[in-house]
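Got your viewer open and a selection tool ready? Let's take a walk through this one together, stop by stop.

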Amino acid sequence: MRSVSVYGGRLDSEVPFALPPATAGDARWTLRRAPGAPRAEDAVETLGDDHVEGDARVRLIRIVGGYRLVYDDTGTFDVLDGGARIAWYPGPRATEDAVRLDVLGRVLPLALHASGTLCLHGSAVEIGGRGVAFLAPKRHGKSTLAQALARAGARVLSDDVVPVDPGPEARVRPGVPHVRLWRDAAARLAPAHVPPDEPRAKLTLDVPGATHAAVDAVPLAAVYLLAPVSGGARDAARRVALSPSAAAMAVLPQARLAPLFARAAGAELLEGVVRLAGAVPVYTLEVARDFARLDDVVARVMGWHAGVRAAARSGGDA
């Protein structure tokens with residue numbers, strides 16, 4: 001059993017993870033291999049399913065005492081005791097790499113959800129001691145923007161999964177200490193860390209001096225819904241504030257578990273999204289989809305947030 005730090009808590013796991021060692025304290029989650037097979041009679045209802053990667057899919061089932069995630073390849077994960085206990089029944093095609101991705105991508109977010117934390121699909125950085133989150137579907141540039149901001153002095157808090165405690169003061173939890181970039185973005189932002197013979201289209205990069213791993217949750221200053229603009233946008237970056245009701249409706253589809261809660265999204269996710277939208281400014285962020293203008297996008301975002309603390313202390317408009 002190894003203890004690592006992730007998503008602002010301690011995970012005691014029988015599956016090894018390349019994550020920072022946990023500090024002292026009780027485990028927030030335990031992950032153990034379970035003997036035998038999951039009890040079919042514990043299933044109450046199927047809530048939804050989602051595509052994972054390749055031909056693999058995952059189903060979410062409500063069970064007696066918690067939730068069950070059933071993967072085509074890595075097996076079944078029962079999330080029990082309010083998310084604190086995870087029982088893994090290995091599947092016939094389980095590999096350690098795939099299991100690690102599944103645990104970080106959906107299993108632990110489900111455990112966080114069970115304890116009241118809202119997990120969003122995006123990336124987050126810390127600027128001036130406060131968190132800034134960028135949400136969007138795949139291929140919208142969330143990780144690219146986070147890594148580019150890190151090169152300008154921000155600190156990456158999380159990539160792919162953004163865990164937020166919605167209130168009363170919304171705080172964003174740290175995630176994993178790496179960023180996953182598509183090859184074209186990695187070649188521009190971290191060329192020295194792209195192996196020339198690497199066949200994968202998306203790379204996991206641990207870049208020293210850029211993706212500093214955070215330890216504690218920080219106040220969340222803003223949420224941006226990325227909207228890339230192609231074809232010569234006038235502004236490199238332009239933000240438009242949303243009303244709380246419009247923000248809630250725009251953020252809800254970006255909940256990390258939304259596809260899995262397809263039949264119960266209102267009851268399971270909407271309350272947290274509404275609380276978040278009422279506590280934190282939410283904007284649409286139009287950004288020029290052009291690597292040549294990425295530095296201008298970074299400068300605009302840093303300008304919005306780098307001076308927030310100083311302005312607040314002096315009584316100015318933050």
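Start by showing the side chains of Arg173 and Asp165: a polar contact of 3.2 Å joins them. Keep in mind as you look around that this is a predicted model.

**Stop 1: around Arg173**

Stay on Arg173, which sits in the loop between strand S12 and strand S13 (179–182). Now bring up Tyr7 as well. Its backbone oxygen is 3.1 Å from a polar atom of the Arg173 side chain. Is Arg173 buried or exposed? Its relative accessible area is 10%, so it counts as buried, since the cut-off for buried is under 20%. To see what surrounds Arg173, select its contacts from further off in sequence, among them Gly8, Gly9, Arg28, Leu112, Thr117, Leu157 and Ala217.

**Stop 2: strand S15 and its partners**

Next, select residues 218–229, which make up strand S15. How many of its 12 residues are buried? The count is 9, so S15 is mostly covered.

Now colour the strands that pair with S15. Strand S10 (residues 130–135) pairs with S15 in the parallel sense, over 5 bridges. To find a spot on that pairing, click Leu135 and look across to Leu225 in S15, which stands opposite. Strand S17 (residues 282–288) also pairs with S15 in the parallel sense, here over 7 bridges. Try Val223 this time: its bridge partner in S17 is Val282.

Then there's strand S12, residues 171–172. S12 and S15 run antiparallel, joined by 2 bridges. Pick Val172 and you'll find Val218 of S15 standing opposite.

A bit of background while you're looking at strands: they pair through backbone hydrogen bonds, in either a parallel or an antiparallel way.

**Stop 3: the open sheet**

Move on to a sheet of 8 strands. In what order do they lie? Follow them across as S1-S2-S3-S8-S7-S6-S5-S4; the sheet is open and its pairing is mixed. At the edges you'll meet strand S1 (2–6) and strand S4 (43–53). Each of these has a single partner strand, so one side of each has no neighbour in the sheet. Turn the view and look along the sheet: the twist from one strand to the next averages 20°.

For a closer look inside this sheet, select strand S3 (residues 29–33) and strand S8 (residues 85–90), which pair in the parallel sense over 4 bridges. Leu31 is a good marker, with Ile86 of S8 opposite.

**Stop 4: helix H1 and Asp102**

Now show helix H1, residues 96–114. H1 lies across strands of that sheet, including S1, S4 and S6, and runs at about 160° to S6.

Zoom in on Asp102, which is found in H1. Its relative accessibility is 5%, so Asp102 counts as buried. What does Asp102 touch, leaving out residues up to four places away in sequence? Highlight Val52, Tyr71, Asp73, Thr74 and Val107. If you'd like to try the distance tool, go from the C-alpha atom of Asp102 to that of Phe77: they are separated by 9.7 Å, and the two residues are 25 apart along the chain.

**Stop 5: helix H2 and its neighbour H6**

Select residues 142–151 to bring up helix H2. Here 9 of the 10 residues are buried, so the rest of the structure largely encloses this helix. The buried ones include Lys142, Ser143, Gln147 and Ala150. Just after H2, stop at Gly153, which has a positive phi near 120°.

Now add helix H6 (residues 294–305). The axes of H2 and H6 come within 10 Å and cross at roughly 70°. The two helices are therefore roughly perpendicular to each other. To light up their contact, select Thr144, Leu145, Ala148 and Leu149 in H2, then Leu294, Val297, Val298, Val301 and Met302 in H6.

**Last stop: zoom out**

Show the whole chain again. There are 7 helices and 17 strands in it. Of its 318 residues, 51% count as buried. Switch on the surface, too: the accessible area is about 14,400 Å², and 50% of that belongs to carbon and sulfur atoms. Finally, think about the contacts between residues at least 6 apart in sequence: 62% of them join residues at least 24 apart.

Definitions and conventions. Residues numbered from 1 in each chain as written. Predicted model: local features only at pLDDT ≥ 70, side-chain atom pairs only at ≥ 80, totals over all residues. Heavy atoms only, no water. Buried < 20%, exposed > 50% of the residue type's maximum accessible area, 1.4 Å probe, protein only. Pairing = 2+ DSSP bridges. Contact = heavy atoms within 4.5 Å. Areas by Shrake-Rupley, 256 points an atom, 1.4 Å probe, with all protein chains shown as cover. Polar contact = N/O pair within 3.5 Å; in protein donor to acceptor, adjacent residues only side chain to side chain. Axes fitted to C-alpha atoms, helices over the stretch in contact; angles between N-to-C directions. Parallel < 35°, antiparallel > 145°, perpendicular 65-115°, else oblique.
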